[in-house]
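Q: Please take a close look at one part of this structure: the second largest pocket, the helices beside it and the enclosed spaces. Go through it step by step.

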Amino acid sequence: MFCLALALVVFHLGLIFSGLVPNLISRPVHLALALPWIFLFAEGGFFKRISGTILCLAGVAASLWIAINQNMLSDQYGFLEGDLQFAIAAVLLVVVLEGARRAIGWPLPIVAGLALLYGLFGQHIPGEFGHSGTPLASFLGTLTIAEGGIWGSLTGVSVNVVAIFVIFGAVLNAGEAGQGFMNLAAAAAGRLKGGAAKVSVLSSALFGSISGSASANVASTGAITLPAMTRLGYPKRLAAAVEAVASSGGQIMPPLMGAGAFVMVELTRVPYTQIMMAALLPAVLYFLAVWIGINAYARHYDLKAVAKEDRPARRQVAITSAFFMVPFVVLLYGMFIAEYTPQYAACMAILAGFALLFFNSQGLASLPEILSRLEKALLSAARQVSVIASIIICASIVIGVLSITGLGVKITSLILSGSGGYLWPSLFLTALACLILGMEVPTTAAYVICVSVAGPALIQQGLDPLQAHLFVFWFALISTITPPVCGAVFIAAGMIEENWLKVAFTAMALGIGLYIIPLAMIANPSVISLTETPLLALLAAAKIGVGLGLLSFGVIGFTKPLQKVVAIGVGLLVVFIGGL
């Protein structure tokens, strides 16, 4: 496992420094390196291990065959020739679907499988939702031996960008950066009323900015913040809701934003730094709304501060903060001052983080501790890169079929006709689709699929492409706290042994910004233009912040019905009327 993890990390870092590598080499090798972590190193019984070994060997062999024969395949223009190539295409599709199922469950592979069936048999569907049919050799070849399916541009994002930032996060988490996040948050907010909950908000925002996963965020920061809140007498449903809502914000907090920001770069052709700046104020507003919600809950409960003896000393805060501040400064310097590509800047930050693995808060770490950290960083990076690869490559099947059959254009036309050509009905239809798909599919995959079919409709109705993509991305995330499937809530409720439905309803009230801010970005487009019109962006953010504060207090803080109605009504007016 260590050797395979080292090979995966070295390969992806090497791509950044080695110059241009053909896509039909780098992308199949990416899949080949990811497959062992999906099929071989996962828990399971005898049959699962045997079947996993067979599928892994077949998938690795097929992927490497593509890489070795890329010169020949580039001359075939996505048209399969001979039985061997048909067999390789079938193996790749089966392995990708089964790999995604083992990594994240049934829903995404089912969507991809239905897309394949549509591509194969959709010509028999009557009416406008049928298609004219594509020769089998061309359909399967486009998906498997050309850059139009599983080796498409989304997979390129996974190879060249997402993997690098995931490695960066793994290196930071293997050292004392996580403790640095917790110490800084405790020092900044621990003394305030509701301090333990606010420590959870700050630490989850910081940790989530590199982890990009709501579940990982809950599991890591929650292990510290949930016991702290319960010790201070916080209601269990509130403690779990705070952690679930704060952790969900990690996927919208720059720089990492899950894999979403990097996929957005590919789909919009907008530079990563511009996407990061556009996403910054909405993310801050989200955490501000959570902070205000905690203050609103403090009207009903005695939400105590963290005891002075439990807060870290200033010296400890300064020392441990360096473990994440130094790599972050290197990353931001590389992107904004030296103007390197994001992945090159991330490589520099990885090297800085790697050097810090040799130290702890007391000084030079011992040799066993250093070796343990290196092992943790490599294994964690390999697992996370592989899971994201399985998601993105499986989602690429859907995107490939939409492109080949023209189904995306038809769904876009359906949205336009169903909304009567008006923007706001289209937004609500898109939000509903994102919520339904996001219930069972990871955020990045839900975003990719939804924006592929709904994005063109929103853009046709006048939205800026980045505005449309951010809207869809935010609504692809709301299923993390919205029943019936709410992953972050399930994990937090399980950790604290509370009824998940109680936690979910509390989380929805606390995380009201997750439902309002995407719509506010449409009504106040200036809020995502921080780089172009900073003053207008800040004014728009202030306006939305006031409205969110009123909404939060209306939902949580006030008890009298009239107060609730007035606060919610005025809050909505402030957010949506007279947009900036």
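A: The answer starts with the pocket, moves to the helix contacts and ends with the cavities.

This is a predicted model, in which local features need pLDDT of at least 70 and side-chain atom pairs count only at pLDDT 80 or more, while totals for chains, interfaces and linings use all residues. Residues are numbered from 1 along each chain as its sequence is written, and side-chain values use heavy atoms, with hydrogens and water left out.

The second largest pocket holds about 440 Å³ of space. Here a pocket is an open set of points on a 1 Å grid over the protein atoms alone, with protein on both sides within 12 Å along at least five of seven lines; a cavity is a set where a 1.4 Å probe fits but cannot get out, and lining residues have an atom within 4 Å of a point. Points are joined across faces, edges and corners, and a volume is the space filled by probe spheres set on them.

The lining of this pocket has 21 residues, and those closest to its centre are Leu-206, Met-253, Pro-254, Leu-280 and Phe-328. At least two lining residues each come from α10 (195-211), α14 (272-297) and α15 (314-337). The largest share comes from α14, with 7 residues. Helices (H or I, at least four residues) are DSSP runs numbered from the N terminus. By class, the lining has 20 nonpolar residues, 1 polar residue and no charged ones. Ala, Val, Leu, Ile, Met, Phe, Trp, Tyr, Cys and Pro count as nonpolar, Asp, Glu, Lys and Arg as charged, and the others, Gly among them, as polar.

Next come the contacts of α14 and α15 with other helices. The axes of α14 and helix α24 (residues 513-523) come within 10 Å and cross at roughly 145°. Axes are lines fitted to C-alpha atoms, for helices over the stretch in contact, and angles run from 0 to 180 degrees between N-to-C directions. This crossing of α14 and α24 is right-handed, which means that the near helix is turned clockwise from the far one by less than a right angle. Pro-282, Leu-285, Tyr-286 and Ala-289 of α14 touch Gly-513, Leu-514, Ile-517 and Met-521 of α24; contact means heavy atoms within 4.5 Å. This contact has 7 nonpolar residues, 1 polar residue and no charged ones.

The axis of α15 comes within 8 Å of that of helix α16 (residues 342-356), and the two cross at roughly 155°. That makes α15 roughly antiparallel to α16, a label for angles over 145 degrees. The crossing of α15 and α16 is right-handed. The α15 side of the contact includes Ala-322, Phe-323, Val-326 and Pro-327, and the α16 side includes Pro-342, Ala-345, Ala-346 and Met-348. Its residues divide into 14 nonpolar, 2 polar and no charged.

Helix α8 (residues 153-174) also meets α15: their axes come within 10 Å and cross at roughly 155°. The pair is therefore roughly antiparallel, and the crossing of α8 and α15 is right-handed. Phe-165, Phe-168 and Leu-172 of α8 are in contact with Phe-323, Pro-327, Phe-328 and Leu-331 of α15. The classes here are 7 nonpolar, no polar and no charged. Phe-328 thus takes part in this contact and is also listed among the residues closest to the pocket centre.

The enclosed spaces remain. In the whole structure, 2 cavities of 30 Å³ or more are found. The second largest cavity has a volume of about 50 Å³. Its lining consists of Val-171, Leu-172, Gly-175, Glu-176, Ala-177, Phe-323, Gly-353, Leu-356 and Leu-357. Two or more of these residues come from each of α8 and α16. By class, they are 6 nonpolar, 2 polar and 1 charged. Leu-172 and Phe-323 line this cavity and also belong to the contact of α8 with α15.

The largest cavity holds about 70 Å³ of space. At least two residues of its lining come from each of α2 (23-39), α5 (83-104) and α17 (367-405). Among the residues that line the largest cavity are Leu-31, Val-95, Ser-386 and Ile-393. Its lining has 9 nonpolar, 3 polar and no charged residues.

Terms used:
Angles under 35 degrees count as roughly parallel, over 145 as roughly antiparallel, 65 to 115 as roughly perpendicular and the rest as oblique.
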